[in-house]
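Student: Could we go through this one together? I'd like to know what stands behind the words people use for it.

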Amino acid sequence: MAYPLQLGLQDATSPVMEELIQFHDHTLMIALLVSTMVFYTILTSVTTKLTNKNMLDSQGIETIWTIAPALILILIAMPSLRVLYMMDEVNNPHLTVKTIGHQWYWSYEYTDYKNLEFDSYMIPTQDLIPRQFRLFDTDHRMVVPTDSPVRMLITADDVIHSTAVPTLGVKMDAIPGRLNQTTFVVSHPGVFYGQCSEICGANHSFMPITVEAIPLIHFEDWSTSMLAKI
Amino acid sequence: MAEDIKAKLENYHTAPFDTRFPNQNQTKNCWVNYVDYHRCQNALTAKGADTTPCEWYRRVYTSLCPMAWINSVIHE
């Protein structure tokens, strides 16, 4: 999960996010190399004692510094498109979870078999118990099974919100009257956090998303216990 | 035919991928299945036939459509 002074991306918990991180690292490295080269060139140009009052030109260097950037861009575009199409791959989901944004909480619906529906409010800071994370933990979590393609349908009840869980590589707007779809697979069990990512009023910063991934056998127990509780 | 539908319904996990709605916006998918369920019910009831095939549409729209949307339509 996120930590103070974090600079990079969170570790991946889904195959798509692993690919996104690799692509990010590849592209950032290219960007840093180009920036370093440009910076060095500017520095040497500005500090050199050499002078030449004549107009200089060279077909050779002009060719090189036209072709080389084009090749670099192709080197970036190919993995980019690969990941983009990978994110859109058809996978027949095993489960559908509906996420509805409200001011200022999320509600989750699991209606494939029975009608399980519950709200998820942030735990107020004054009510936290020692192991809980401030501004991240919620009273109920969105529970999903591991290693199963999950379809998430996102909408909102009032204003625009946005669901994001960075470690899963999920971000999708919650728009009233529209049902947005995204799919993900959670690679290993755990608890993963995200925050509302579209300004939605006074408590926009206080409506986090908590996803708990557990093995499928335990998922069935959880859904039975939730149905009994609610 | 009826046995196929029953087998399909028994093996139902969630709404399968619908090639008519391959993209991000699934609003129409929910609406189409809701409407198809009611059309199927009306058509088969008018003919006096078994309405079990319509169950498929009901399962799909229940999986896809937010409960608030379904309830608000019913109450209208």
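**Reading the two chains**

Tutor: Let's start with a record: UniProt, in an unreviewed entry, gives residues 92-225 of chain A the annotation "domain: Cytochrome oxidase subunit II copper A binding". Keep in mind that the model itself is predicted.

Student: What makes up residues 92-225 of chain A, in helix and strand?

Tutor: Strand covers 42% of that stretch and helix 7%, and its end C-alpha atoms are 27 Å apart.

Student: And where does UniProt place the "Cytochrome oxidase subunit II transmembrane region profile"?

Tutor: The unreviewed entry puts that one at residues 1-91 of chain A. Over those residues the chain is 68% helix and 0% strand.

Student: Why are residues 27-43 and 63-85 of chain A called a "transmembrane region"?

Tutor: That name comes from the UniProt record, again an unreviewed entry, and such annotations may be inferred rather than shown by experiment, so treat the name as a label from the record. The model adds the helix content: residues 27-43 of chain A are 100% helix, with end C-alpha atoms 24 Å apart. Residues 63-85 of chain A are also 100% helix, and there the ends lie 33 Å apart.

Student: How is chain A divided into domains?

Tutor: Domain 1 takes 15-88 and domain 2 takes 95-229. Their C-alpha centres lie 40 Å apart.

Student: What about chain B: how many helices and strands does it have?

Tutor: Four helices and zero strands, so the pattern along the sequence reads α-α-α-α, with helices and strands taken as DSSP runs. The C-alpha trace of chain B spans about 35 × 30 × 20 Å along its principal axes.

Student: How do you know that chain A and chain B touch, and how many residues take part?

Tutor: The test is heavy atoms within 4.5 Å. The contact takes 23 residues from chain A and 21 residues from chain B, so by that cut-off the two chains are in contact.

Student: What area do they bury between them?

Tutor: About 1900 Å², 50% of it on carbon and sulfur atoms. On the side of chain A, the residues that lose the most area to chain B are A:D112, A:L179 and A:Q181, together 27% of what that side buries.

Student: How many salt bridges and polar contacts cross the interface of chain A and chain B?

Tutor: For salt bridges, the rule finds zero. A salt bridge needs a side-chain nitrogen of Lys or Arg within 4 Å of a carboxyl oxygen of Asp or Glu, so we conclude that no pair across this interface meets that rule. Polar contacts are another matter: 17 residue pairs, both at pLDDT 80 or more, are found there.

Student: Which elements of chain A give two or more residues to the side that touches chain B?

Tutor: β1 (95-102), β5 (150-156) and β8 (180-184) of chain A do. β1(A) gives the most, with four residues. By class, that side of chain A has eight nonpolar, nine polar and six charged residues.

Student: What makes the bond between A:Q103 and A:W104 a cis peptide bond?

Tutor: Look at omega, which is about 0°. A:W104 sits in the loop between β1 and β2 (105-110) of chain A. Most peptide bonds are trans, so a cis one is worth pointing out.

Student: And what is the phi of A:L5?

Tutor: Near 65°, a positive value in a residue other than glycine. You'll find A:L5 in the segment before α1 (15-47) of chain A.

Key:
Residues numbered from 1 in each chain as written. Chains lettered and ligands numbered in written order. Predicted model: local features only at pLDDT ≥ 70, side-chain atom pairs only at ≥ 80, totals over all residues. Heavy atoms only, no water. Buried area = accessible area lost by both parts, 1.4 Å probe. Polar contact = N/O pair within 3.5 Å; in protein donor to acceptor, adjacent residues only side chain to side chain. Nonpolar A, V, L, I, M, F, W, Y, C, P; charged D, E, K, R; others polar. Domains from an automatic or database assignment.
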